[in-house]
Amino acid sequence: MQDKNIHSKHKCINCGGNCEFNKLKVSVSVNMLESPLDTFTRYQKYLQHNNEIGNLEIRVCSNCGMYHIYKDNIEIYPGLLDTPEPHQNMPDTVKEIYNESREIFSKSPRSAAALLRLGLQILCKELGEKGKDINNDIHKLHEKGLDQRIINSLDIVRVIGNEAVHPGEIDLNDNKEIALNLFNIMNMIIEDTIASKIRNTHIEEMYRNLPQSKLNAIKYRDK
């Protein structure tokens with residue numbers, strides 16, 4: 001660690017004060033990252049998961065002593081690491097928007113929610129719809145027989161994401177928990193649509209590959 005100085009004042013997500021930050025610049029790789037700080041340990045896991053080499057900056061709040069970790073001037077702790085990682089079956093087009101939303105969540109839950117709505121619009125296209133009018137896409141998915149629980153989840157992201165950028169009844173900057181729940185809901189939608197389809201296809205393939213004598217016995221049993 002080197003180049004210690006005072007960073008310009010800004011709001012600390014931990015204590016809420018407009019505080020000065022002691023800035024420590026560090027450059028590390030996954031293999032070189034060795035620090036007793038719990039925050040660095042958490043970020044090491046993040047780097048390992050994404051197979052990245054990170055240029056890090058640590059800022060320490062002069063008021064509460066909270067460590068904030070930045071990568072490319074984006075706060076990732078607390079913030080990025082406090083939001084759920086994207087589902088492993090999330091399409092890359094959706095994942096890009098999802099991760100962008102994670103990056104700004106700690107600074108602007110409202111902006112994060114709006115981005116998740118955009119991610120939902122892209123997801124609707126991945127699910128076979130036009131991806132231009134989310135409300136109409138959800139209606140079409142409902143007509144195709146998509147489970148009502150999933151439809152409700154789609155509408156939650158659609159409505160809250162829309163409320164985020166228009167004056168309305170939901171102030172996400174005052175209620176970060178609502179915005180945070182949208183990340184879990186997006187992952188649940190992926191689980192109940194894309195991931196479940198992959199699993200069902202795999203099960204059907206395994207079933208078809210059972211010995212014919214066993215398939216005949218099952219057919220006879222279920223008459």
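These legends describe close-up views of a predicted model.

Local features are given at pLDDT of at least 70, side-chain atom pairs at pLDDT 80 or more, and totals for chains, interfaces and linings over all residues. Numbering runs from 1 along each chain as its sequence is written, and side-chain values use heavy atoms, without hydrogens and water.

**View 1. The whole chain and its elements.** The protein chain has seven helices and five strands. Both are DSSP runs, numbered from the N terminus: helices are H or I with at least four residues, strands E with at least two. From the N terminus, the order is β-β-α-β-β-β-α-α-α-α-α-α. Of the 223 residues, 41% are buried. Buried means under 20% relative accessible area, exposed over 50%, and partly exposed in between, with a 1.4 Å probe and protein chains only. Contacts are heavy atoms within 4.5 Å. Among contacts with a separation of 6 or more, 53% join residues 24 or more positions apart.

**View 2. Confidence along the chain.** pLDDT is the predictor's confidence in each residue, from 0 to 100. The chain mean is 77, and 67% of residues reach 70 or more. Among the elements, strand β1 (residues 2-11) has the lowest mean, 52, and helix α4 (residues 134-143) the highest, 93. Over residues 1-6, pLDDT stays under 50; the model has 18 contacts beyond four places in sequence for them. Residues 26-36 also stay under 50, with 20 such contacts.

**View 3. Helix α3 and its cover.** Helix α3 covers residues 109-126. The expected span of a helix is 1.5 Å times one less than its number of residues. For the 18 residues of α3 that gives 26 Å; the end C-alpha atoms are 25 Å apart, which agrees. Its buried residues include Pro109, Ala113, Leu116, Leu120 and Cys124. An α-helix has 3.6 residues a turn, so residues three or four places apart point the same way. The cover over the buried residues of α3 includes α2 (92-104), α4, α5 and α6.

**View 4. Leaving α3: Leu127 and Gly128.** Gly128 takes a positive phi of about 105° just after α3. Leu127 is found in the loop between α3 and α4. Leu127 is partly exposed, at 24% relative accessible area. Beyond four places in sequence, Leu127 touches Leu141, Thr193 and Ile194. Leu127 and Asp137 are ten residues apart in sequence; their C-alpha atoms are 9.3 Å apart.

**View 5. Leu172 in the loop before α6.** Leu172 sits in the loop between α5 (148-165) and α6. Leu172 is buried, with a relative accessible area of 1%. Its contacts beyond four places in sequence are Pro109, Arg110, Ala113, Ile160, Ala164, Ile178 and Ala179. Ser111 is 61 residues from Leu172 in sequence, yet 9.0 Å away, C-alpha to C-alpha.

**View 6. Helix α6 and its kink.** Helix α6 has 33 residues, 176-208. The expected span is 48 Å, and the end C-alpha atoms are 48 Å apart, which agrees. A kink of about 35° is centred on Ser196. The bend at a residue is the angle between axes fitted to the seven residues ending there and the seven starting there.

**View 7. Asn187 on α6.** Asn187 lies in helix α6. Asn187 is buried, with a relative accessible area of 12%. The side chain of Asn187 reaches the backbone nitrogen of His87 at 2.8 Å. Beyond four places in sequence, Asn187 touches Pro84, Glu85, Pro86, His87, Met90 and Tyr98.

Methods: Polar contact = N/O pair within 3.5 Å; in protein donor to acceptor, adjacent residues only side chain to side chain.
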